[in-house]
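New notebook page, new structure. I'll put the picture up and then jot down what I looked up.

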Amino acid sequence: MAALIELKNIGRSYFLGNTELKVLQEVNLEIHEGEFVAIMGPSGSGKSTLMQILGLLDRPTYGTYRLLGKDVSKLSDDEGAALRSRSIGFIFQMFNLLPRTSALQNVAMPLIYAGVEHRLDRARELLTQVGLADRLSHNPNELSGGQQQRVAIARALVGHPKIIFADEPTGNLASDQADEILAYLQKMNDTGISVIMVTHEPDIAAHARRIIHIKDGRIVGDEKTRETKKKTKLPSVPEVRLLTSSLAVRWAEFKEFFATAWRGITSNKTRSVLSVLGILIGVASVVTMLAIGRGAEMAIRARLSSLGTNLLYLRPGAPSMFGVHGAQGSTSRLTLADLDALKRASSSIKSVDGNVSGAAQVVYKDQNANTQVTGVLPVYETMRASTPYYGRFFTDQENTAQARVALLGQTVVNELYGQENPVGTEVKINHINFRVIGILPAKGSQGPRDQDDTIIMPLATAMNRVVGNKYLNSLSIECTSMESMPEATEAIRTLMRKRHRLPAYKDDDFDIRNMAEMQQAMVSTTQTITMLLGMVAAISLLVGGIGIMNIMLVSVTERTREIGLRKAVGAPRRAILWQFLMESAVLSVGGGLLGVMLGGLLSFLLTTFAGWTAVLTVPSILLAFVFSAGIGIVFGFWPARKASLLSPIEALRYE
Ligand code: ADP
Ligand code: MG
């Protein structure tokens, strides 16, 4: 019959710089099924190293190792883990239980990686066997040393192992508790499980049936103290329901990884909250910034549409770049005749308004104000969305008759009238009596200019009675549609060049501005600013992501021993990777959700109490949320991968 364990010329060396430290040399060993073996030797002789190689936690530097008749030197890490989870149980000197985790969960833990159903039932059964039925929900720090080691024994047995490795299992226990543990090992062996125990104490070793002496990394003695109990055949593995359907396995695993991640998060609440805070603030600021930007854009659109739509603006003088006019000599004049000609210049032109303005002093009773008067045509009312909110606009007849009627802007009304209704009253504008016939709608300020600090009157009245100017300051041309504006522009240019008799080699002596384009430019400017704000906020989100990465790295380092233990009992790399990835994903998704809520609340508060217009949009919320979740996964990946690549034995030894 093939041996359970067969070592041929095994050696293990550590390399410290250039010096080779030979910890095990030329070890040959055979152990058969059902044996109870003690590996005994002084401290530092290589016992633990040998046991770790036997338990597939470490690899020999040279030599061949056959376990259960199979050469295991070629096994990958994950294959080794799978073999451990199915045939090997470990008991350590330091118990190595998961902190802040109940005895029941500790015992059930290896079964996660074996893909076994009804884990808790099995764990409960084993804890009852080791006399801890009344301590199921106790955490390790609520148990005595002996009890903790009994939990560890239950954990070692939970996967129906063929071999149990125990490294100084009684080293941290008082003698009466030690005897109890040894009795359990004895009992295990009686059921047919092979037990391999490492110890440096002869009286502990005396409990075994065979003692292997080891010194300075070599086997120096091998004695059978008692006959191995003959063939207590291992009971055939009772109803271990392995999950079969791969999808079910995936789902069960997913739930398990999530539960593990959740335990990791909740077992250190302060740290979790702090790491979530970064993402939360980041997402909240992205959401709020985008909402504010969107609100500003909408406000600007609303204000621009009150200035009129599809407007061309014709001014005398050479076209200006950035507001700087060309040479003075090219200054031209715009007349009423130009205005009439323009009305017929193109079918794309809907209406034309002339405009003359100048400074004026207004007096009402004992109040006076300095403001600006503008003479316009009645078409101004519709063209510039200026239907008086109180009173009426003037008519064509009043314009032709140079009637002394005027409409006042909000600012002028406030300065002159207070609470009194101005409509119907008489005011003096530059010493001439005018009748107030209406109040203009409020337009707010555009840049530094207060658009409500104005008086509107008929164009003819303004030209002949108030400003005293025969020429127009500018012309506003309303086009039939946005699309017809380029055509109208061309028609106006051709007409004006003809009227001003400009030869082909001369530049235009007038300037046509497309107000729609300027409006578009303003809107796209706010959009750019919104994007910039969003990006600045996104950087804070990035910083939040780095915060999560930091926390995860700390978490990995802090839980190195836990990772080592999980791997020792059979966790494959994937499981560890998922556990930590899930943890950072939960943190960032949670932070993202809270951030969206906070951002929404902030937008609401800004709108309601600060008078800002903040408009939440679904895409911006989705963007912030997906981005934050992505950040958690991206930044969580590195620590998670780092954890998954730890060698189990290095991790277990980590201080
Ligand atoms: P013990 O018989 O006390 O269990 P070990 O097998 O733990 O002894 O260690 C045997 C020798 O190997 C010791 O001298 C120890 O210093 C050395 N050793 C163990 N682990 C390492 C390591 N990771 N790097 C270098 N030397 C090590
Ligand atoms: Mg040791």
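My entries below go from domains to ligand, cavities and two backbone oddities.

**Entry 1: domains.** A reminder to myself before anything else: this is a predicted model. I looked up how the chain is split, and the domain assignment gives domain 1 as 5-242 and domain 3 as 333-499. Domain 2 comes in two pieces, 255-301 and 521-653. I then checked the gap between domain 1 and domain 3: their centres, taken over C-alpha atoms, are 98 Å apart.

**Entry 2: around ligand 1.** Which residues surround ligand 1? I wrote down Tyr 14, Leu 21, Val 23 and Pro 42, then the run Ser 43, Gly 44, Ser 45, Gly 46, Lys 47, Ser 48 and Thr 49, and finally Arg 653. Sorted by character, this shell has six polar residues, four nonpolar and two charged.

Next I went through some atom pairs. A polar backbone atom of Lys 47 sits 2.9 Å from an oxygen atom of ligand 1. For Thr 49 a polar side-chain atom does the job, 2.5 Å from an oxygen atom of the ligand. Arg 653 also uses a polar side-chain atom, but its partner is a nitrogen atom of ligand 1, at 3.2 Å.

How much of ligand 1 does the protein bury? Taken alone the ligand exposes 560 Å², and the protein buries 67% of that. I also noted which elements give two or more residues to the shell: strand S2 (19-31) and helix H1 (47-54). H1 has the largest share, with three residues.

**Entry 3: cavities.** How many cavities of 30 Å³ or more does the structure hold? I got four. The largest of them has a volume of about 100 Å³.

I listed the lining of that largest cavity: Arg 84, Ser 85, Ile 88, Gly 89, Phe 90, Pro 110, Arg 155, Ala 156, Val 158, Gly 159, Pro 161 and Val 569. Helix H2 (77-87), strand S6 (88-91) and helix H5 (145-157) are the elements that each give two or more residues to this lining. S6 supplies the largest share, three residues. By character, the lining divides into seven nonpolar residues, three polar and two charged.

**Entry 4: positive phi.** Most residues other than glycine have a negative phi, so I went looking for exceptions. Arg 100 is one of them: it is not a glycine, yet its phi is positive, about 55°. I found Arg 100 in the loop between S6 and helix H3 (103-114).

Lys 365 went on the page too, with a positive phi near 50° in a residue other than glycine. Where does Lys 365 lie? I placed Lys 365 in the loop between strand S12 (349-364) and strand S13 (367-376).

Technical notes: Residues numbered from 1 in each chain as written. Chains lettered and ligands numbered in written order. Predicted model: local features only at pLDDT ≥ 70, side-chain atom pairs only at ≥ 80, totals over all residues. Heavy atoms only, no water. 1 Å grid on protein atoms, 1.4 Å probe; cavity = no way out; pocket = protein on both sides within 12 Å on 5 of 7 lines; lining within 4 Å. Points joined across faces, edges and corners; volume = space filled by probe spheres on them. Helix = DSSP H or I, 4+ residues; strand = E, 2+ residues; numbered from the N terminus. Nonpolar A, V, L, I, M, F, W, Y, C, P; charged D, E, K, R; others polar. Domains from an automatic or database assignment. Near = heavy atom within 4 Å. Polar contact = N/O pair within 3.5 Å; in protein donor to acceptor, adjacent residues only side chain to side chain. Areas by Shrake-Rupley, 256 points an atom, 1.4 Å probe, with all protein chains shown as cover.
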